[in-house]
Amino acid sequence: MRELIRVDGVSQYYKKGNFFSKAPLNVALEKVSFSLFENRNLGILGRNGAGKSSLVRILLGLEKPKSGQVRMFFDKKQERRLIQAVFQDPQSSLNPRWSARKCLLEGLENFKMLKNPKDQSEELAELVGLPKDSLDKKSFEFSGGEQQRINLARVLALQPRVLILDEALSNLDVHLQMKMIEMLKSLQKQLSITYLVISHDLRIILQLCEDVLLLRDGKVVFKTNKQEGIYNAILRDSKGDSAGYFNEFYQASFWHLR
Ligand SMILES: Nc1ncnc2c1ncn2[C@@H]1O[C@H](COP(=O)(O)OP(=O)(O)OP(=O)(O)O)[C@@H](O)[C@H]1O
Ligand SMILES: [Mg+2]
């Protein structure tokens, strides 16, 4: 297995209040370690405030951790292009006044990868199933689900090795979630991208990921994988605290089946 990213003892703290505040530091991540392997999608599960997005900002290089390190085992010079992310709110990454085409091509332009705008934008639209003749509509004219496809296509354009999905499917209805999951699986086969799936929905993680990591209060409390199976993992840790916590996610994600 080829290792793509190694997170080694990463801790992150934030100050509460202003610069002069004497309030205790807010611990967002505490000695978090894990590896991401090529073509083994990793799911990171955790409740609100568990530290998931803090981890994403560190992986994207937007923040430096207070301690520990992140190593990427791919072309250092191309790092900013090779790890990309799609976030929960589709509108937050799209300029509402721009056409879908301009949104799709923005990254390519930034990285000087724009050659033939018409062909490239149409190819990208096709990749995520957006009608080619809709590309001149403004991005605000698309539905939330369509906007999320635009977001996906605009980062796929950069041919990333790793794609972080930070609650990227959370705002979509279950039917669209299912469609997007199928699409992500087929894109993975075509483009050989490894996904890091951040979610508080265990169902989404189980459908996309080989490995699962559970974060609570900034700490890794549990790691498991598809081979072991979720049930076995719960049994394995049935006396430990983490099992109860994992079980809660299980119950919450599948409550409708009971
Ligand atoms: N810029 C910041 N300044 C101060 N505290 C922060 C900052 N960013 C995050 N935190 C705190 O760090 C902790 C982890 O936050 P984070 O956003 O990483 O959680 P999350 O797991 O992504 O949650 P959610 O599921 O709600 O998106 C929280 O206690 C949060 O209040
Ligand atoms: Mg978050």
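**View 1. Ile198 is a buried residue of the predicted model**. Ile198 counts as buried because its relative accessibility is 1%, below the 20% cut-off. The residue belongs to strand β7, which spans residues 194-199. Leaving aside residues up to four places away in sequence, Ile198 touches Ile44, Lys52, Val56, Ile164, Leu165, Asp166 and Glu167. Leu169 is 29 residues from Ile198 in sequence, and their C-alpha atoms are 9.7 Å apart.

**View 2. Strand β1 pairs with β2 and with β4**. β1 (residues 3-14) runs antiparallel to β2 (residues 26-37), with 8 bridges between them. In this pairing Tyr14 stands opposite Asn26 of β2. The pairing of β1 with β4 (residues 67-72) is also antiparallel and has 5 bridges. Here Asp8 stands opposite Gln69 of β4.

**View 3. Polar contacts of ligand 1 involve Asn48, Ser53 and Ser54**. A side-chain N or O atom of Asn48 lies 2.9 Å from an oxygen atom of ligand 1. For Ser53 a backbone N or O atom is 2.8 Å from a ligand oxygen. For Ser54 a side-chain N or O atom is 2.6 Å from a ligand oxygen. Of the 640 Å² of accessible area that ligand 1 has on its own, the protein covers 64%.

**View 4. The shell around ligand 1 draws on β2 and α1**. Each of these elements gives two or more residues, and α1 (52-59) gives the most, with 4. Residues around the ligand include Tyr14, Asn26, Ala28, Arg47, Lys52 and Arg57. By class, the shell holds 3 nonpolar, 6 polar and 3 charged residues.

Definitions and conventions:
Residues numbered from 1 in each chain as written. Chains lettered and ligands numbered in written order. Predicted model: local features only at pLDDT ≥ 70, side-chain atom pairs only at ≥ 80, totals over all residues. Heavy atoms only, no water. Buried < 20%, exposed > 50% of the residue type's maximum accessible area, 1.4 Å probe, protein only. Contact = heavy atoms within 4.5 Å. Pairing = 2+ DSSP bridges. Near = heavy atom within 4 Å. Polar contact = N/O pair within 3.5 Å; in protein donor to acceptor, adjacent residues only side chain to side chain. Areas by Shrake-Rupley, 256 points an atom, 1.4 Å probe, with all protein chains shown as cover. Nonpolar A, V, L, I, M, F, W, Y, C, P; charged D, E, K, R; others polar.
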